Amino acid sequence: MKTVLITGANKGIGFETAKQLLQKGFYVYIGSRNLENGLEAVEKLKAINLTNLKAIQIDVTDDNSVKNARTEIGKKTDVLDVLINNAGINGGVPNTALEARTDQFLAAFNTNVFGVARVTQAFIDLLKKSPEPRIVMVSSSVGSLTLQSDPNWLAYNFAKYAVYGSSKAALNMFTIHLAYELRDTAFKVNAVCPGYTKTDFTNHNGGEVEEAAKRVVKYALLDKDGVTGKFISEETNPTTGEIAW
Amino acid sequence: MKTVLITGANKGIGLETAKQLAQLGYFVYLGSRDKAKGLDAINKLKDAGISNVELIELDVTDINSIKQAKQELETKIEVLDVLINNAGISGEIPQNASGIELENLRKVFETNYFGAIQTTQHFIDLLKKSDEPRIVNVSSELGSLINQSNPDWAFYDYKLTAYCSSKTALNAFTVMLAYEFKDTNFKINSVSPGYTATDLNQYRGTQSVAQGASVIVKYATLDKNGGTGKFYNEEGETAW
């Protein structure tokens, strides 16, 4: 049975991604900053007969929490097949380059960039034991510098989230570097934008969460011919999914 | 006389940029984290016959230092025409994605990214009083996502995760800030001086500081038809 760890899986796109991967036969570690929320999510999934799962307390900004999560998962499995770095924050308001406070920038980067590095580093040894390891960085087209500089982009005037966007741009660079480092291995490492989706992240505006999770799942399940080191947004480019950095 | 503040200007490309702008007739506020090193730099410039230059003690990672520097500058001038966010560090080695120490990663961002943001936010009032305000964020092509994903690029194997991703984030800040000022006289750009021999790369860079600084000077002195929200190198616009 293949295994996956999803951070921030107690709600939103993370939760739906967990559900879909359970339905595909994965054993799912439901990462949640708050264990109670994680346990609640597990109960919800068990109620629909999805039982191969366990809640794991993991605060991606906290060294000890990530270490403990690694130890706990290490007791259950020798191999992790998929890591989905889904936990993320939007940085709050104000969200302009001029007005956002330094502590907002710091918080967003702590979770969205440094947190991803921390979790990835902690679990890379377990992933290396998989014959087909996959890492999905949940990113956003808002982090595309090319799109953000293109006045013809649909979201040009309303997606200028300075804190969130720049954290995702930095995450994209981390993704490129990790994929480069693992280029001669079986790893597939990609940055995937789930699209603008109805979650509490967006005050419940946007597309369906099922559709968003499907986009993440697709890159968690890439076969050996799948891409690596790419930036994918099927919302922006429904043909190949690949979009400009 | 136009005024410019350059952070991290006590040495390397920053110091050379100070010299070139002073020679073009700007009054240069030379930002330096370390007062003694800053004064050394000022003396070097004075020895070279440059007198329109003054030290501002400024540590971009320290909000109180930024506030003090701003107060000090306000006692001297009412208008700042150019801000050059030049202060930057390259971080410790190793910097591969799966091995970099998180403390190292965070530290590089503190100077190269959060530092540039804090500095910009605090000096923006003075810049707004200029008829032709210019902000140059000193970036690097190593921070280009497009180059970094191109196996044919000459520096493809230069995967310094902290340094590169901090410059990517800085480029994003450039794009966002330039958008917010798009209907004003501001010109806000990221500029890569090129691979320049400085202590940041143990002097392995292939061009002189004079060449590197001249690229920054060009975008610090853009006229009203100049670009904004772009990423430039010595050849012109370059890939994000």
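If you read along the sequence of chain A, the pattern goes β-α-β-α-β-α-β-α-β-α-α-β-α-β. Count that up and you get seven helices and seven strands. Please keep in mind that what we have here is a predicted model.

How compact is chain A? Its radius of gyration is 17 Å, close to the 18 Å that the globule rule gives for 245 residues, so chain A is as compact as a globular protein of that length. Picture a box around its C-alpha atoms, drawn along the principal axes: roughly 50 × 40 × 35 Å. Of the 245 residues in chain A, 55% count as buried. And if you take the contacts in chain A between residues at least 6 apart in sequence, 69% of them join residues at least 24 apart.

Now let's turn to the partner, chain B. Here we find seven helices and eight strands. The radius of gyration of chain B is 17 Å, and the globule rule gives 18 Å for 240 residues, which is close, so chain B is as compact as a globular protein of that length. The buried share of those 240 residues is 54%.

So how are the strands of chain B arranged? They form an open sheet of eight strands in the order β3-β2-β1-β4-β5-β6-β7-β8, with mixed pairing. Which strands sit at the edges? Those are β3 (53-57) and β8 (236-237) of chain B, each pairing on one side only.

Let's zoom in on one pair. Strand β4 of chain B, residues 82-85, runs parallel to β5 of chain B, residues 134-138, and four bridges join them. If you want a spot to look for on screen, find Asn85(B), which stands opposite Asn137(B) in β5(B).

Helices lie across this sheet as well. Helix α3 of chain B, residues 63-76, lies across β1 (3-6), β2 (27-32) and β3 of chain B, at about 145° to β3(B). Helix α7 of chain B, residues 209-220, lies across β1, β4, β5, β6 (187-191) and β7 (231-233) of that chain, and runs at about 150° to β5(B).

Last stop: where the two chains meet. How many residues are in contact? On chain A there are 33, and they touch 34 residues of chain B. On the chain A side, the elements giving two or more residues are α4 (102-128), α5 (145-148) and α6 (162-181). Helix α6(A) gives the most, with 13 residues. By class, that side of chain A has 18 nonpolar, twelve polar and three charged residues.

Thanks, everyone, and happy exploring!

Methods: Residues numbered from 1 in each chain as written. Chains lettered and ligands numbered in written order. Predicted model: local features only at pLDDT ≥ 70, side-chain atom pairs only at ≥ 80, totals over all residues. Rg over C-alpha atoms; globule rule 2.2 N^0.38 Å. Buried ≥ 20, exposed ≤ 12 C-beta atoms within 10 Å, placed from the backbone. Contact = placed C-beta atoms within 7 Å. Nonpolar A, V, L, I, M, F, W, Y, C, P; charged D, E, K, R; others polar. Pairing = 2+ DSSP bridges. Axes fitted to C-alpha atoms, helices over the stretch in contact; angles between N-to-C directions.
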